[in-house]
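These are my notebook entries, kept while I looked through one structure step by step. I wrote down what I looked up and what I found each time.

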Amino acid sequence: MCRPGTAVTVSATNFCPPNYNLPSDNGGWCNPPRPHFDMSQPAWLNIGIYQAGIIPVVYQQVKCWREGGLRFTITGFNYFQLVLVTNMAGSGSIKSMSVKGTNTGWIAMSRNWGANWQSLAGLVGQCLSFAITSSGGQYIVFQDVIPAWWQFGQTYSTWQQFDY
């Protein structure tokens, strides 16, 4: 059911929240520590036969290449900010993230799921900076990347990008 000797490179987004009510061997596909990849059909057809369904694969992490800098999409309401970080190069994933408003110090954020990070702080009306450590160990401060007049639902870009 596999296409021997073939490979495909994909961006893993981890937008598959776990369902701890199901065992990982019977439908809880996204439950850790099970590696799981839902692939688009064009990507899938590079390595497998359409009718194959679930197949074992050998995989490795490779450096992500991106054009432009990181993008920050901020959603939420009042004292809850949910920040989606996209277009991340290098290792492609975030190990830790903090936010700093114009009137605050650095506030540690927690992973909500996937590339979504949350904070429970009153940051509306403040210019926002982010400090991110990639899973590759690189640390970058994205200074004043979101202006004080930001609104929920908007996306902001920066020229800064991860190398590893």
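**Entry 1: the core**

I began with the largest nonpolar core, which has 23 residues, and I noted that Phe72, Met97, Phe130, Ile132 and Phe142 touch the most other members. I then asked which elements give two or more residues to this core, and I found β1, β2, β3 (94-101), β7 (128-134) and β8 (139-146). Of these, β8 gives the most, with four residues.

I picked Ile132 for a closer look and, leaving aside its neighbours within four places in sequence, listed its contacts: Leu70, Phe72, Val85, Ile94, Ser96, Met97, Gln138, Tyr139, Ile140, Phe142 and Phe162. Three of the names from the core list came back here, since Phe72, Met97 and Phe142 are among the residues in contact with Ile132.

**Entry 2: how far to trust the model**

I reminded myself that this is a predicted model, and I looked up its confidence before going on. The protein chain averages a pLDDT of 89, and 96% of the residues score at least 70. Confidence is lowest in helix α1 (residues 41-47), with a mean of 88, and highest in strand β4 (residues 106-108), at 98. I keep one caution in mind, that where pLDDT is low, the predicted coordinates should not be read in detail.

**Entry 3: the sheet**

Next I traced an open sheet of five strands, whose order is β5-β6-β2-β1-β9 and whose pairing is antiparallel. The edge strands are β5 (110-113) and β9 (154-157), each of which pairs on one side only. From one strand to the next, the twist averages 30°.

I followed strand β1 (residues 71-77) to strand β2 (residues 80-86), and found that they pair in the antiparallel sense over seven bridges. Along this pairing, Arg71 has Thr86 in β2 as its bridge partner, while Ile74 stands opposite Val83 in β2. The hairpin of β1 and β2 has two residues between the strands, and in it Asn78 takes a positive phi near 45°.

I then turned to β9, with which β1 pairs over four bridges, again in the antiparallel sense. Here Ile74 appears a second time, for its bridge partner in β9 is Gln154.

**Entry 4: Thr73 and Tyr156**

Is Thr73, a residue of strand β1, buried or exposed? Thr73 has 18% relative accessibility, which is under 20%, and so it counts as buried. Not counting residues up to four places away in sequence, Thr73 touches Leu82, Val83, Leu84, Gln154 and Thr155. With Thr155 there is also a polar contact, in which the two side chains are joined at 2.7 Å.

For comparison I looked at Tyr156 in strand β9, and this residue is buried because its relative accessible area is 10%, again under 20%. Tyr156 and Thr73 are 83 residues apart in sequence, yet their C-alpha atoms are 6.4 Å apart in space. Leaving aside its neighbours within four places in sequence, Tyr156 is in contact with residues including Leu70, Arg71, Phe72 and Ile74, and also Val145, Trp149 and Trp150.

Methods
Residues are numbered from 1 along each chain as its sequence is written. This is a predicted model: local features need pLDDT of at least 70, side-chain atom pairs count only at pLDDT 80 or more; totals for chains, interfaces and linings use all residues. Side-chain values use heavy atoms; hydrogens and water are left out. Two strands pair if DSSP finds at least two bridges between them. Axes are lines fitted to C-alpha atoms, for helices over the stretch in contact, and angles run from 0 to 180 degrees between N-to-C directions. pLDDT is the predictor's confidence in each residue, from 0 to 100. Buried means under 20% relative accessible area, exposed over 50%, partly exposed in between (1.4 Å probe, protein chains only). A polar contact is a pair of N or O atoms within 3.5 Å; within protein, one must be able to donate a hydrogen and the other to accept it, and residues adjacent in sequence count only if both atoms are side-chain atoms. Contact means heavy atoms within 4.5 Å. A nonpolar core is a set of buried Ala, Val, Leu, Ile, Met, Phe, Trp, Tyr and Cys residues joined through side-chain atoms within 4.5 Å.
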